[in-house]
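Me: Could you take a close look at one part of this model for me, the place where the two chains meet? I'd like the side-chain pairs and how accessible they are, told as one connected account.

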Number of protein chains: 2
Amino acid sequence: MRIAELSRRSGIPVPTIKYYLREGLLPPGELSSPNQARYGEEHLRRLQLVRTLLEIGRLPIAGIKEVLNEIDRPDPNVHAAMGRALNAIGPKETDSGVDGEVDELISRHGWRVSPTAPARQAVAEVIAALRRLGAISLLDRLDDLAELAGRIGEIDLETVADQQTPEDMVYTAVIGTIMGDRLLAGLRRLAQESASAERYGNRLKS
Amino acid sequence: MRIAELSRRSGIPVPTIKYYLREGLLPPGELSSPNQARYGEEHLRRLQLVRTLLEIGRLPIAGIKEVLNEIDRPDPNVHAAMGRALNAIGPKETDSGVDGEVDELISRHGWRVSPTAPARQAVAEVIAALRRLGAISLLDRLDDLAELAGRIGEIDLETVADQQTPEDMVYTAVIGTIMGDRLLAGLRRLAQESASAERYGNRLKS
């Protein structure tokens, strides 16, 4: 199909598609004449993925590129590829000064986590921020939350293991992790409102 | 203290503090002369809150204003205030076309949720996106995830109920919800890596 049809079917304006092409988020079409390219169903799928990572995943363009590179790279070791893809969409490393606390948390839950996993610093950073803001009551429940997160992580890996090909496993891990964050945030707000209604007997007004 | 000391103690540059003052994210200091204002500990605390909502909560300036308005507004009905504050930091409403599915999910879990809660649309939007992207294996586990989110929501409300004043309850609800999303995302990635190590017997490389 030509770019106009790609735009119509995806609902994405032609100038935006051209921008994605320039940024390398969408592979070039097949040239059918010096000034015209043809696009296939794989371009339509890729456009939907880019759009979703932008709008729902709220990833920056550079983050989307990293994720797409991981999805596209053929790798004999699917688990290493998964690790790289998950790190690409993970929180960035900073220095929070509470690493020891995260080490202890990981050890209390018997988790096996690489010493260089960026998520260690991400968790440390949130713990430091909660303490700085004096909102420490959530920290009293850190182990309860970690246990529930542990069960969510197991569900995530089960959905990955259900896939038939290494490419599908990496795709499922990346999409499931990004979209899963949003899904859990939404489900958590529904559950908070319901818990508040149960506890106080009236509904929260929107 | 003067603005220079406020900057030194908060680690936030003076021009940035002036920007927050202009945007109404920080209340004005007390004028000690026509050109000079004095700031107190409450300004320092507010600066830390704004910084955290920006950097870790990744809220836009307008979203931070909404949250601060809710924290500042004295309201005899703490639960209504909590509802407004949580909606202010919640996902924005869109039309996804899968509302009926979310209604059924809420009803299966016996949740009490207002028909206009923005989180309904947020969940519907993620479900629609997962289906569009062909990543449906996570949807097969939707009820398992909802059950775990339900337990997280109960923990959240318990931390709110522990607070002594209505102001502290709203503050804890807002901070706990925003920071909790980040905390859970980090814990989930640690758990995913560990579940992958357990399942495949090797650690994910970073």
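Reply: Happy to. One definition helps before we start: a residue is called buried when its relative accessible area is under 20%, exposed when that value is over 50%, and partly exposed in between. Please also keep in mind that this is a predicted model.

Let's begin with the interface as a whole. On the chain A side, 90 residues are in contact with 91 residues of chain B. The area buried between chain A and chain B is about 8700 Å², and carbon and sulfur atoms give 66% of that area. Between chain A and chain B there are ten salt bridges, and the count of residue pairs in polar contact between these chains is 25. Several helices take part: α3 (41–55), α5 (78–88), α6 (99–108), α7 (118–132), α8 (142–161) and α9 of chain A each supply at least two residues of the side that touches chain B. The largest share of that side, 28 residues, comes from α9(A). Sorted by class, the side of chain A that touches chain B has 45 nonpolar, 25 polar and 20 charged residues.

Now to helix α9, where we can go residue by residue. Arg188(A) has its place in helix α9 of chain A. With a relative accessibility of 2%, Arg188(A) counts as buried, because the limit for that word is 20%. The side chain of Arg188(A) reaches across to the backbone oxygen of Gly176(B) at 2.8 Å. Leaving aside residues up to four places away in sequence, Arg188(A) touches Ala149(B), Ile152(B), Asp156(B), Gly176(B), Thr177(B), Gly180(B), Asp181(B) and Leu184(B).

From chain B, Arg188(B) makes a salt bridge with Asp181(A), at 2.9 Å from N to O. This pair crosses between chains, since Arg188(B) sits in helix α9 (residues 166–200) of chain B and Asp181(A) in helix α9 (residues 166–200) of chain A. The arginine of the pair, Arg188(B), is buried at 3% relative accessibility, while Asp181(A) is partly exposed at 23%. These two residues also belong to a wider set: Asp156(A), Asp181(A), Arg188(B) and Arg189(B) are linked in a network of salt bridges.

Another link uses Asp181(B), which forms a salt bridge with Arg189(A), with the closest N and O atoms 2.8 Å apart. Asp181(B) lies in helix α9 of chain B and Arg189(A) in helix α9 of chain A, so this pair joins two chains. At 22% relative accessibility Asp181(B) is partly exposed, and Arg189(A) is buried with a relative accessible area of 10%. There is also a salt bridge between the side chains of Arg141(A) and Glu158(B), which come to 2.6 Å from N to O.

For context, let's step back to contacts within the chains. Over all chains the count comes to 24 salt bridges. One of them joins Lys65(A) and Glu23(A), whose closest N and O atoms are 3.6 Å apart. Lys65(A) lies in helix α4 (residues 61–72) and Glu23(A) in helix α2 (residues 14–23), both of chain A, so the pair ties together parts that are 42 residues apart in sequence. Both ends are partly exposed: Lys65(A) has a relative accessible area of 32%, and Glu23(A) has 27%.

Finally, the aromatic rings. Two aromatic pairs are counted over all chains. In chain A, the rings of Tyr19(A) and Tyr20(A) have their centres 6.1 Å apart and their planes at 50°, so that pair is tilted. Tyr19(A) is partly exposed at 31% relative accessibility, whereas Tyr20(A) is buried at 3%. In chain B, the rings of Tyr19(B) and Tyr20(B) have a centre distance of 6.1 Å and a plane angle of 50°, so this pair is tilted too. Here the opening definition comes back: Tyr19(B), at 31% relative accessibility, counts as partly exposed because that value falls between the limits of 20% and 50%. Its ring partner Tyr20(B), at 3%, counts as buried.

Terms used. Residues numbered from 1 in each chain as written. Chains lettered and ligands numbered in written order. Predicted model: local features only at pLDDT ≥ 70, side-chain atom pairs only at ≥ 80, totals over all residues. Heavy atoms only, no water. Salt bridge = Lys/Arg side-chain N within 4 Å of Asp/Glu carboxyl O. Helix = DSSP H or I, 4+ residues; strand = E, 2+ residues; numbered from the N terminus. Buried < 20%, exposed > 50% of the residue type's maximum accessible area, 1.4 Å probe, protein only. Phe/Tyr/Trp six-rings, centres within 6.5 Å; stacked < 30°, edge-to-face > 60°. Contact = heavy atoms within 4.5 Å. Buried area = accessible area lost by both parts, 1.4 Å probe. Polar contact = N/O pair within 3.5 Å; in protein donor to acceptor, adjacent residues only side chain to side chain. Nonpolar A, V, L, I, M, F, W, Y, C, P; charged D, E, K, R; others polar.
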